[in-house]
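The exercises below are meant to be worked with the structure open in a viewer. Each one gives a task, followed by a solution that goes step by step.

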Amino acid sequence: MPLLVLVNIIATGTPWFDTGKLPILIAAIIAIGIVLIATYHRRSRERFQLRKIAGLEAVEEAIGRATEMARPLLYTPGWGGDIQRPTTIASMNILSHVAARAARYDCQLVYPTHDPVIMSVAQEVVKESYVQEGLADRFNEDNIRYVSSSQFGYAAAVEGLITRLEPASIFLLGTFEAESLIMAETGNFVGAIQIAGTDSTIQLSFFIVACDYTLIGEELFAASGYLSGDQSILASVRAQDMMKLIIMVLLLIAVIWASFAPDSTWWRF
Amino acid sequence: MRLESRHWVFLGLFLVILLSMLLQIDLGVKVSQDTQRMHDYIENLPPGSVLMLSFDHEASSLPEIRPLALAVLRHAFANGHKLIGVALLAEGTGIGYRLMEQVGKEYGKVYGEDYAFLGFKPQYIAAMLSMGESIRQTFPEDYLGRPYDDLPMLAGITNYEQVDGVISIADGSLTTHWVEYAGNQYGVRVSAAVAAAMVTTYDPYLASGQMHAMIGGLRGAAEYEQLIHRGGSGLRGMLAQTAAHVYVILMIIAGNVVYFLNRKKGRKR
Amino acid sequence: MRRRIPQLICGLFGLVVFLCYFSSHPTARSIYLTVTLDYWQIIFAFTLIVGAISFVRVNLRGIERGEDRSYRIASLVGVITMPLLALIWGLKGGSPFMWVFENIQVPMQSTVFALLAFFVASASYRGFRARSMQAAILLGAALLMLIARSTIGDMLWARIPEAAEWVRTTPAMSARRAILIGIGLGSLTTSVRVLIGIERTWLGGEK
């Protein structure tokens, strides 16, 4: 292998490392390093706790409401994401929690999606939650379904499901685009309690108007640690806050520097 | 069926838009800085520059996207630029080809020499990245099934290095990926013509310089039509848009009046 | 083992794509191209088959049970007809497939998209209330934006579009950037958690 590397460098004359991307590499190494250190080198007795997030606190209430009313729960991840998107993975973490509670309270959980891969992963996640609750027989694969890859085909399908099923609670968690308000308003018309969360900044404004609770961006990513209480995950959320602090300090320095020396360019990369 | 307040709101909006579409009044618009910048960008490119137009939208947003695309295409063809069309959402394929063909005919352009349409490639991030390496490998044939090498205008175009700019015509967040993957990674200049709802999503990219220029919504199309002295459905639609905006403003005011009256009644009790 | 192998594949590919990003060497670019173009496209093709099979199966079972029969039949007719039209007459302009696309699918989708306008109107009527000082500021900004984005802004006062532009490019953009930084960091930590294997829910396991 080293010989192959050497031959390649001599043959093409192109270096393996693109020096233009050095600042990005340094930033990436620092960021990943902080996450790894925070995750693996925390003190064993150290316990992390997140501030109260209303949207996540309301998850139990939403499931309880559906159980009391004997009406289904509807959970959908939005049209904008695919399985490699961190938001979709964060949404899966919440789905796992919701599915476990739905299994325990024998509440129907319907999960329409626009992506066959998301459908397959969601089926596995939900099934596993049912199995872990010891209630595998209650799992119905057909409730986790692919409806359409087309944005408004998907929107129309979800809207139709909401109108016909009249779910007691709706979870809109993932990457949403223009379909967000169509779903949120339809949910509002049927009187469902709605918990939304997305990384699409423009759709946040629609969710805030139409839904009962909205998880804003990073709150969605913190959900898995929040709901499970897993200390490794919570430690990585702490790392996230440390990085935010570093960025804030850098921003402050850059703003002050740019204000007093507008011609300097070192802070641009 | 019992009519609720929302049904009256819907009916009112329908009537307002219907009536304003029946009236043919040209309101005229003041050109914004963003639209002027987009216009100047295309205007100042030397004739024969290669622009890639990516039709990243679905059929649903056609009433808003069509005037935007037509205005940009007309301006680019009038200035003698060479255009490569691609579609990264399946539904943009037929629409993109038709629009390029229509405007190409208007300006007496020859397919294969002045413009080419390479068709659709699924998995947009993969397609953007792979065009950065090789456009020929990504699209071995054009939309009409002709080999890449048989199209004279594509001779010498290997990857983004030979493309002077990409214009993403989008109704969703696909333009973000153009900025993040094609722009940041391969250094190609990315601009956009987007649906109005997406404008604020791209503002940070425009301000940071990661996106070169942007026009948005029916208003953006109307402004652009005014700049190129070629009226179209953008200018024609401004009356309907203005009427709908006024209607929504009235609804917000009415909602607040009802809210404060109810609050006053509640206090009296 | 059922989870270990996918976890290893995920970690390995994550590392390869990460490293390739920092290299302009032809070998690295070629690996990158293979992963991004070939593998993704192959996986995508298979997922479409999975989706189509699931769609047909779920709807056939639904018809058997008598649930929403008319909707399900309409969906299945669409799913079967469109590929048939494409296979027999192709996808080019003027073909029956394109006729159905342009004259049925486009208007139907535009109709669903147009519903947004109605929902915006009802949401504005119901949700935009000046309940507090913050809500009143938000309401004021929304009204300013609505006026500026139509032609009445120019007619009423030339400064209205400028004021709206300031709101869009200064306070609104600052807030959006802050949210974007949070989202970026959240994405980064979630990705690292997935790659190092402390986040495994996506494999169908708790945690």
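**Exercise 1. A helix of chain C**

How many residues does helix H4 of chain C have, and what distance does it reach from its first C-alpha to its last?

*Solution.* Bear in mind at the outset that this is a predicted model. Begin with the bounds: H4 of chain C covers residues 96-127, which gives it 32 residues. Next, take the span from the first C-alpha to the last, which is 45 Å and thus close to the 46 Å expected at 1.5 Å a residue. Finally, follow the axis along the helix: H4(C) bends by about 30° at C:Gln105, and a proline, C:Pro107, follows within four residues.

**Exercise 2. The contact between chains C and B**

Determine how many residues each chain brings to this contact, and which element of chain C gives the most.

*Solution.* Step one is the count, in which 43 residues of chain C are in contact with 44 residues of chain B. Step two is to list the elements that give two or more residues to the side of chain C that touches chain B; among them are helix H2 (26-65), H4 and helix H8 (171-196) of chain C. Step three is to rank the contributions: H4(C), the helix that bends at C:Gln105, gives the most to this side, with 16 residues. Step four is to sort the residues of this side of chain C by character, which yields 24 nonpolar, eleven polar and eight charged.

**Exercise 3. The contact between chains A and C**

Describe the side of chain A that touches chain C by its elements and by the character of its residues.

*Solution.* First note that the contact takes 61 residues from chain A and 52 residues from chain C. The largest share of the side of chain A, ten residues, comes from helix H5 (residues 116-132) of chain A. Sorting the residues of this side then gives 31 nonpolar, 17 polar and 13 charged.

**Exercise 4. The sheet of chain A and its helices**

In what order do the strands of the open sheet in chain A stand, and which of them are at the edges?

*Solution.* Reading across the sheet, the six strands follow the order E3-E2-E1-E4-E5-E6, and their pairing is parallel. The edge strands of chain A are E3 (144-146) and E6 (213-216), each of which pairs on one side only. Now look at one pair inside this order: two bridges join E1 (residues 73-76) to E2 (residues 109-113) of chain A, and A:Leu73 stands opposite A:Leu109 in E2(A). Lastly, add the helices: H4 (residues 86-104) of chain A lies across E1, E2 and E4 of chain A, running at about 155° to E4(A), whereas H9 (residues 218-228) of chain A lies across E4, E5 and E6 of chain A, at about 95° to E6(A).

**Exercise 5. The sheet of chain B**

Why do strands E3 and E6 of chain B each have one side without a neighbour in the sheet?

*Solution.* Start from the strand order, which in this open sheet of six strands is E3-E2-E1-E4-E5-E6 (chain B), with parallel pairing. Strands E3 (115-120) and E6 (214-216) of chain B stand at the edges with a single partner strand each, so one side of each has no neighbour in the sheet. On average, neighbouring strands of the chain B sheet are turned by 15° against each other, direction ignored. To examine the pairing of E3(B), note that strand E2 (residues 82-87) of chain B and E3(B) pair in the parallel sense over four bridges, and that B:Ile84 stands opposite B:Ala116 in E3(B).

Conventions: Residues numbered from 1 in each chain as written. Chains lettered and ligands numbered in written order. Predicted model: local features only at pLDDT ≥ 70, side-chain atom pairs only at ≥ 80, totals over all residues. Expected span 1.5 Å × (residues − 1). Bend = angle between axes of the 7 residues up to and from the residue. Pairing = 2+ DSSP bridges. Contact = placed C-beta atoms within 7 Å. Axes fitted to C-alpha atoms, helices over the stretch in contact; angles between N-to-C directions. Nonpolar A, V, L, I, M, F, W, Y, C, P; charged D, E, K, R; others polar.
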